[in-house]
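User: Could you take a close look at one single strand here and walk me through what sits beside it? I'd like one connected story, please.

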Amino acid sequence: MSKRVLTTESGAPVADNQNSASAGIGGPLLLQDQHLLEKLARFNRERIPERVVHARGSGAYGYFEVTDDITDFTHADFLSAVGKRTEVFLRFSTVADSLGGADAVRDPRGFAVKFYTEQGNYDLVGNNTPVFFIKDPIKFPDFIHSQKRDPFTGRQEPDNVWDFWAHSPEATHQVTWLMGDRGIPASYRHMNGYGSHTYQWTNAEGEAFFVKYHFKTNQGVRSLSSEQAAELAGRNPNSHQTDLLQAIERGVNPSWTLHVQVMPAADAAEYRFNPFDVTKVWPHRDYPLRRVGRLVLDRNPDNVFAEVEQAAFSPNNFVPGIGPSPDKMLQGRLFAYADAHRYRLGVNHTLLAVNAPKATTRQNYGRDGFMATNATSQGRAAKNYEPNSYDGPTETGRALSAPLAVTGYTGTHEAPQHTKDDDFFQAGELYRLMSSEERSRLVANIAGGLAQVSRDDVIEKNLAHFHAADPEYGRRVEEAVHALRED
Ligand code: HEM
């Protein structure tokens with residue numbers, strides 16, 4: 001076999017890849033050494049901005065297969081028939097640390113799915129937790145600042161983490177979840193995924209429903225204790241990445257069963273708490289799980305940078321039959337992601353293979369910008385304006401989802417009040433669901449963090465939240481914190 005020739009970026013053969021060109025033996029280097037200049041310059045540009053959150057992640061391809069008829073509730077094409085398969089790409093992630101962190105840490109995990117449907121890409125950008133810490137997007141940058149590295153000390157600070165939660169009683173439910181047994185998954189394969197927010201589905205008759213998504217792992221939920229995680233994170237910071245890659249390479253393809261909870265749209269206004277509040281779950285006795293299908297991951301990406309680092313998921317990528325609910329957090333997210341992609345990847349990120357539609361083609365009048373590699377993708381001499389007289393693509397006139405009714409005045413309102421909207425009762429319910437061993441581990445995990453806080457008033461405010469959730473919960477955390485601080 002003839003040897004392949006090394007070339008420059010422009011395809012010219014490279015004479016020497018070991019020695020730079022110099023002015024005589026031992027002399028200074030020459031500006032005319034194109035290969036050297038190009039190699040160093042190219043290397044300097046290898047990194048792009050990491051995601052501002054969820055920087056560290058792993059991804060895989062697979063498919064989603066419909067197992068149950070759900071067409072009473074949505075006319076989404078990819079859910080239209082039992083047996084229908086749609087290609088997917090899923091990216092898992094940790095949230096708070098930067099790209100160089102470790103996998104086995106106490107942190108929520110991202111669970112972002114891109115469905116390459118025949119009606120365009122549908123992104124469901126969820127987590128492994130059914131709830132979230134806050135319920136208004138205006139608090140998100142502050143929340144994330146408090147959880148990521150401190151600008152002065154350069155590390156995550158218990159003072160900041162707990163100070164934010166002290167001022168955010170709505171976080172109590174998610175904090176209880178995070179500090180509990182499921183707070184550190186054993187691997188990405190051994191955790192559930194949730195859409196977390198409430199979304200809207202519309203059926204073929206135009207009837208609207210509100211839904212919550214639950215991906216239940218078929219591998220079983222497995223978690224690590226704080227001690228196991230600390231040991232693993234030190235020994236193998238890439239433990240989750242390695243586990244996922246190796247499982248799929250061995251043909252042990254992980255899968256999840258998708259269920260939804262479905263609420264008729266008319267129930268929403270009178271439900272006992274705000275059904276669009278992402279800090280709360282819907283009890284299954286009110287809205288039971290209905291099985292929809294199976295998600296299987298069966299192919300690793302060939303190139304982590306090209307396909308995982310450059311993957312772009314946006315909660316605003318909907319398909320006909322699925323739309324947003326009035327959940328304020330979700331509404332904020334509808335802006336934030338595509339904006340992040342334009343900054344992080346550029347305006348043409350949708351042309352990258354992992355982000356481009358696979359089961360349909362993009363047809364519109366968006367043009368140009370940095371890295372426009374699709375000059376003739378709309379057809380040679382295609383018009384770049386609409387309406388036109390040249391048979392260019394036109395709108396359907398059919399709304400993607402049903403309209404949402406709104407009333408009242410514009411302004412910075414607090415969330416709508418329902419009869420049972422307090423921030424604590426579901427944290428209490430979660431606590432009471434736990435076995436006594438789980439409660440003890442939860443209390444120890446919380447106390448371990450809270451006891452490191454330097455200000456008594458911040459500790460007291462947090463304790464008040466646990467007391468409000470459940471008197472026993474509050475008492476036990478308080479005793480554990482005081483015991484640790486007296487040590
Ligand atoms: C990533 C913003 C809440 C799940 C991101 C990114 C931004 C962001 C800017 C980086 C995107 C990128 O560079 O590609 C926000 C804002 C939120 C919010 C403003 C609240 C208003 C949430 C919630 C969830 C979530 C509630 C889960 C239910 C994720 C996931 C990723 C992510 C999974 C990583 C996606 C990937 O793998 O590329 N978020 N986020 N976020 N967010 Fe959020």
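Analyst: Two strands count as paired if DSSP finds at least two bridges between them. With that in hand, let's go for β7, which covers residues 208–217. Keep in mind that this is a predicted model. Its mean pLDDT is 96, and 100% of the protein's residues reach 70 or more. The model also scores ipTM 0.98 and pTM 0.97.

So how buried is the strand itself? β7 is mostly covered, with nine of its 10 residues buried.

Now for the partners. Strand β8, residues 255–264, pairs with β7 in the antiparallel sense, and nine bridges link the two. One contact to look up in the viewer is F209, whose bridge partner in β8 is P264.

F209 turns up again with β6. That strand, residues 199–202, is also antiparallel to β7, over four bridges, and W201 stands opposite F209. That gives F209 a counterpart in W201 as well as one in P264 of β8.

β6 and β7 form a hairpin with five residues between the strands. In that hairpin, G206 takes a positive phi near 85°.

Finally, there's β5, just residues 193–194. β5 pairs with β7 over two bridges, again in the antiparallel sense. Here the bridge partner of Y194 is H214 in β7.

As you click along the strand, a general point helps: in a regular strand the side chains alternate between the two faces of the sheet.

Technical notes
Residues are numbered from 1 along each chain as its sequence is written. This is a predicted model: local features need pLDDT of at least 70, side-chain atom pairs count only at pLDDT 80 or more; totals for chains, interfaces and linings use all residues. A residue is buried if 20 or more other C-beta atoms lie within 10 Å of its own, exposed if 12 or fewer, and partly exposed in between; C-beta atoms are placed from the backbone. pLDDT is the predictor's confidence in each residue, from 0 to 100.
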